Amino acid sequence: MLTLVITLLASYRSEKELLTERVLNTNFSESQRIGHTMNMLFVSIRTSLSAFTSEMAELISGDPERIMEELQQIHESSGYFESVFVAETGGKITQMHSYRENGDFGKIDERTLEAALKRSEPGLSVPYRDADAEMIVLMTEPFYNEEGVYLGVVGGTIRLEDPAVLGSLFGVQNGNEADSYYYVVDCEGKVIYHPDKTRIGEDLTDSPIVARILNGASGKTEVSDRKGRPFLVGYTFVPATRWGVIAQTPNSVLKQQQTEQIRGTLVAVLVPFLILVGGTLFLARRLAAPFVALADFVVRAADRPQEASIPVVRRHWNREADLLNRAVMRSVGEMKRQHRDLTHSALRDSLTGLPNRRALDEALEKLEGDNLPFSLLLIDIDRFKSVNDLHGHAAGDEVLRSVARLLEDTVDRGDLCGRYGGEEFVALLPGRSVAETYEMAERLRLAAAAHENALHIPVTVSIGAAISPQQSAQIEELFELADRALYRAKEDGRNRVVM
């Protein structure tokens, strides 16, 4: 999944760069195309106008009807002028041909005409709105007499919103700023054509793109508008008019295209991705299965070492898992053996091999916790100190070992006999009655008296007995009763059983 996310992010970033460069190049190419067409259009319009001015020196003093015929010919042949006229240096329009009513000279802005006459050279005025609030531009050509005296201008008004003029260059635009669109600014940085007609006349001199156009530059760049919205812009300077054509696309369009592309990519890779994920998970489970089973076994072995049996190790196709399983099983087996040895050592008397005091205490706690009836025998070797004094401690140890083996061999299966300390032994007899307890105690006493050890040292034992729960259900109190009985057996001459 991480690989998929990284791939999509990398694709998104790469596609963003490609789309950005592509849109910038497209917008720049479109602005150049439109700018070049616009330049040729106005050059063509100027050519048709300038062709007439060469004859004006001869016609100006001639027949006025001839001048009107020429103006009509210019007007009808070009198809771009709304009106054509002749104006003398004093500012008076002497002849005009227009689709409007004859003599309606007020449609030409006086200040614009005055500036054109004063300029006395070919020119294109700054666009202005006429009395009908339509954007008009005035194109003029000066004419002279034979002596070279400046006589006036021949001019024509061009209505920019006429579909035959700028509209034909851009085609139909919906005016929605969420889409790509084109617009034109004049030599003063004002909008003279825009799909959103409410923006015509807007001053954009503070725009960095317009500033570059006013300096005669063309190019492409990313820029934000006054509202902070990012756009991809291509712009071209038009020499014939000193206007600028700007083609721009909002970044949101790119984001939408990228989103569509990512969605398409996801749809295309979803099925292979799910197959890959399913296969990966299946393989991962197969690879992890022996490790999971191994971990479960180790946990069980750590929590309940006595209960956890070592499973049969089967060979696994994953060599690492197979080696690890075998190594762990060997290690756990060795640890269990060592645990058994340590447990055995911890619960066994090192001299006699019988259960030690700790083991006896645990057995007593279990009998007490389970509320099971049992008999307690305290067994003490008679005059054991004299054995050590007369024969040495090694002999005493041998006597202890022989008595321990004797007791262990004499008690019944299910009984527990252990060394409680020194020359004292304890026998636990579960489920015995008074008579059965006495019978077992006598059997032990008689067996000890009749036994001949390797050192031929005569040995007898005294036994004190107590029964739970008849006499007491408390372990400490039961021990005290058995100890008292053992003390009486010693006082009464030893080698006897007292209950």
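This passage walks through two sheets, the helices beside them, the empty spaces and some backbone details of a predicted model.

A good place to begin is the open sheet of five strands, whose order is β8-β7-β11-β10-β9 and whose pairing is antiparallel. The edges of this sheet are taken by β8 (191-193) and β9 (219-224); each has a single partner strand, so one side of each is left without a neighbour in the sheet. On average, and with direction ignored, neighbouring strands here are turned by 35° against each other. Within the sheet, strand β10 (residues 230-238) and strand β11 (residues 243-250) are joined in the antiparallel sense over eight bridges. To find this pairing in the structure, one can look at Phe237, whose bridge partner in β11 is Gly244. A helix accompanies these strands: α1 (residues 2-53) lies across β7 (181-185), β9, β10 and β11. The direction of α1 is at about 25° to that of β10.

Several of these strands also border the largest pocket. The volume of this pocket is about 400 Å³, and its lining is made up of 20 residues. Nearest the centre of the pocket lie Tyr183, Arg199, Leu204, Asp225 and Arg226. The strands β7, β9, β10 and β11, together with helix α6 (208-214), each supply at least two residues of the lining. Sorted by class, the lining holds nine nonpolar, three polar and eight charged residues.

The second sheet is likewise open and has five strands, in the order β13-β14-β12-β15-β16, but here the pairing is mixed. Its edge strands, β13 (416-421) and β16 (497-498), each pair on one side only. Strand β15 (residues 461-468) and β16 run parallel and are joined by two bridges. Here the residue to look for is Ile463, which has Val497 as its bridge partner in β16. Helix α12 (residues 434-450) lies across β12 (374-381), β14 (424-430), β15 and β16, and runs at about 165° to β15.

Just ahead in the text comes a pair of helices, α10 (residues 384-391) and α11 (residues 393-410), with axes that come within 6 Å of each other. The two axes cross at roughly 140°, and α10 and α11 are therefore oblique to each other. On the α10 side, the contact involves Phe384, Val387, Asn388 and His391; these meet His393, Ala395, Gly396, Val399 and Leu400 of α11. By class, this contact brings together five nonpolar and four polar residues, with no charged residues.

Helix α11 appears again around an enclosed space. Rolling a probe the size of a water molecule over the atoms shows where empty space is left. Across the whole structure, the search finds two cavities of 30 Å³ or more. The second largest cavity holds about 40 Å³ of space and is lined by Ser402, Val403, Leu406, Ala448, His451, Asn453 and Val459. The most is given to this lining by α11, with three residues. Four of the lining residues are nonpolar and three are polar, while none is charged.

Two backbone details complete the tour. The peptide bond from Ser468 to Pro469 is cis, with omega near 10°. Pro469 belongs to the loop between β15 and α13 (475-491). Elsewhere, Ser120 has a phi near 50°, a positive value in a residue other than glycine. This serine, Ser120, sits in the loop between α4 (110-119) and β3 (123-124).

How values were computed. Residues numbered from 1 in each chain as written. Predicted model: local features only at pLDDT ≥ 70, side-chain atom pairs only at ≥ 80, totals over all residues. Heavy atoms only, no water. Axes fitted to C-alpha atoms, helices over the stretch in contact; angles between N-to-C directions. Helix = DSSP H or I, 4+ residues; strand = E, 2+ residues; numbered from the N terminus. Parallel < 35°, antiparallel > 145°, perpendicular 65-115°, else oblique. Contact = heavy atoms within 4.5 Å. Nonpolar A, V, L, I, M, F, W, Y, C, P; charged D, E, K, R; others polar. Pairing = 2+ DSSP bridges. 1 Å grid on protein atoms, 1.4 Å probe; cavity = no way out; pocket = protein on both sides within 12 Å on 5 of 7 lines; lining within 4 Å. Points joined across faces, edges and corners; volume = space filled by probe spheres on them.
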